[in-house]
Amino acid sequence: MNKAAQQASISTHGRDPVDDRELVLAAQRGDRDAFKTLFERYHRRAYALAFGVLRHEDDALDVVQDAFIKAHKYLDKFEGNSSFYTWLYRIVMNLAIDHLRKHRRVKPVELDETRIEAEGDEGLLPRILGGNPARALVDKQIRARIDQALDELSHNHRAVLVMRELEGLSYEDMAQAMSCSKGTIMSRLFHARRNMQKRLLDLIDHPSAELVEDLTGAGDRSRAEDDDVPANDESPRKRAPAARSR
Amino acid sequence: MSAKSDLELMEHADGELDDADVAARIERDPEARAKVDAVKQIGELVRGHLELSADAVHDARFAAMWRRVDDQLVAPATGLWSRISGWIDRYRGHVITGAVSAGAVAALALVLRPSAPDIGVRTRGGGPIQVREVALRATPEIDSLDTPGGSSTVINLDDEDGHTTVIWVTPEDTVEGI
């Protein structure tokens, strides 16, 4: 389990995890420790979201910090209709999008987002990495390529992709968050995914020997034999992220 | 296969489209199935990559962040004045609307009051003039007129006795800043 997922299940009193709602109520009454617990639960997850959109560590940290300050300031307005994290990520997302608007850098021009049907055969690519794709993330080369591919997406395409893949937001929720139509969201997501596929295509079609080893786990076995350590040892380098349940 | 039909595959993969035809297509067409798998795989790669990126940030940076957040936390309002301020802050829009409405009613009452004593005022030349309130027959007409010295303002006032009063404000009459 990665740190972000672990922090979401931290217990504050060493027994049953305290419900977010209780923590919010306590924080609304002025209990700073309760708010700190909420911070500890969600700061990394909020950071992953901000970093995914902004692609800059310091900017993402600034946005997360501002988001928690803002969340506390308006805590009395949180009525508990959604989870605390749902409310927090909206704040993070709004601040991240504002940040992009204020510090707009040159990005690739987007295709006309309302006209997918006019693009002929530019469809999804029926190609996947063989083996265990989660293991691909231990490969530095593929992580560098994912980084680069995310960098090359337009702001809007990246924001939609991150919201969908990291938070599992519905098209409708994303449309609300980005103040645009559901059709625009679908189009952005489609282009973002296809562009990611294109940028990773050579790795998929012609994986390096090391990537093949990582995907199949052969590298682990040979290294384990060499080092005389168990093959399932989860050293930081080999730790693949756990799939997050939505 | 068109991008538009692939869009349906993507919607299906995201759980946004529950369509029997699309499901059947995925069932019988290996390429459609591979595209759905590819959409899911891109998702796994992006999610896993961002989670690992978040894990790579040192705990000390978040600890420092908490200290900065904690410094800026504002204690919740507990005193009477704080609660009143909080109430005004929350319902600022209603308060302003109410205040404007009350002001408008007061102004109307002032204009429509039955009678008022004559008021003596002085012109800039020093001579006293008598001013009395009159009821207007129509809304005053205000025109702008370009004159050699600049732009003048002409105000036409028709009272209920059929008299028309013209007030001409020339550039010389205009006090800077007003």
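The paragraphs below go through a predicted model of two chains, A and B, beginning with each chain and ending with a hairpin in chain B.

Chain A contains twelve helices and zero strands. Read from the N terminus, its elements are therefore α-α-α-α-α-α-α-α-α-α-α-α, in line with a count of zero strands and twelve helices. Of its 246 residues, 38% are buried. Among contacts in chain A with a separation of 6 or more, 71% join residues 24 or more positions apart.

Chain B has six helices and five strands. Along the sequence the pattern is α-α-α-α-α-α-β-β-β-β-β. Here 16% of the 178 residues are buried. For contacts in chain B with a separation of 6 or more, residues 24 or more positions apart account for 13%.

The largest nonpolar core has 77 residues. Those with the most contacts inside this core are A:Ala46, A:Tyr47, A:Leu49, A:Ala50, A:Val64 and A:Val92. Helix H3 of chain A gives the most to the core, with 13 residues. A:Tyr47 can be followed further: leaving out residues up to four places away in sequence, A:Tyr47 touches A:Ala60, A:Leu61 and A:Val64 in chain A, and B:Ala54 and B:Val57 in chain B.

A:Tyr47 also takes part in a packing of helices between the chains. Which helices pack, and at what angle? Helix H3 of chain A, residues 32-54, packs against helix H3 of chain B, residues 30-55, at an angle of about 120° and with the axes 9 Å apart. The crossing of H3(A) and H3(B) is right-handed. From H3(A), the contact is made by A:Arg44, A:Tyr47, A:Ala48, A:Phe51 and A:Gly52. From H3(B), the residues are B:Leu50, B:Glu51, B:Ser53 and B:Ala54. By class, this contact has five nonpolar, two polar and two charged residues.

Helix H3 of chain B also holds B:Lys35. Is this lysine, B:Lys35, buried or exposed? B:Lys35 counts as buried because 27 other C-beta atoms lie within 10 Å, where the cut-off for a buried residue is 20 or more. Leaving aside neighbours within four places in sequence, B:Lys35 is in contact with A:Leu124 and A:Pro126 of chain A, and with B:Asp6 and B:Leu9 of chain B. The C-alpha atoms of B:Lys35 and B:Met10 are separated by 8.2 Å, while the two residues are 25 residues apart along the chain.

The last stop is a pair of strands in chain B. Strand S4, residues 150-158, pairs with S5(B) in the antiparallel sense over six bridges. Within this pairing, B:Val154 stands opposite B:Trp168 of S5(B). S4(B) and S5(B) form a hairpin with five residues between them. In the turn, B:Gly162 has a positive phi of about 90°. Why does strand S5 of chain B lie largely in the open? S5(B) covers residues 164-169, and the number buried among its six residues is zero, so the strand lies largely in the open.

Definitions and conventions:
Residues numbered from 1 in each chain as written. Chains lettered and ligands numbered in written order. Predicted model: local features only at pLDDT ≥ 70, side-chain atom pairs only at ≥ 80, totals over all residues. Axes fitted to C-alpha atoms, helices over the stretch in contact; angles between N-to-C directions. Helix = DSSP H or I, 4+ residues; strand = E, 2+ residues; numbered from the N terminus. Left-handed = near helix turned anticlockwise from the far one by under 90°. Contact = placed C-beta atoms within 7 Å. Nonpolar A, V, L, I, M, F, W, Y, C, P; charged D, E, K, R; others polar. Buried ≥ 20, exposed ≤ 12 C-beta atoms within 10 Å, placed from the backbone. Pairing = 2+ DSSP bridges. Core = buried A, V, L, I, M, F, W, Y, C linked by C-beta atoms within 7 Å.
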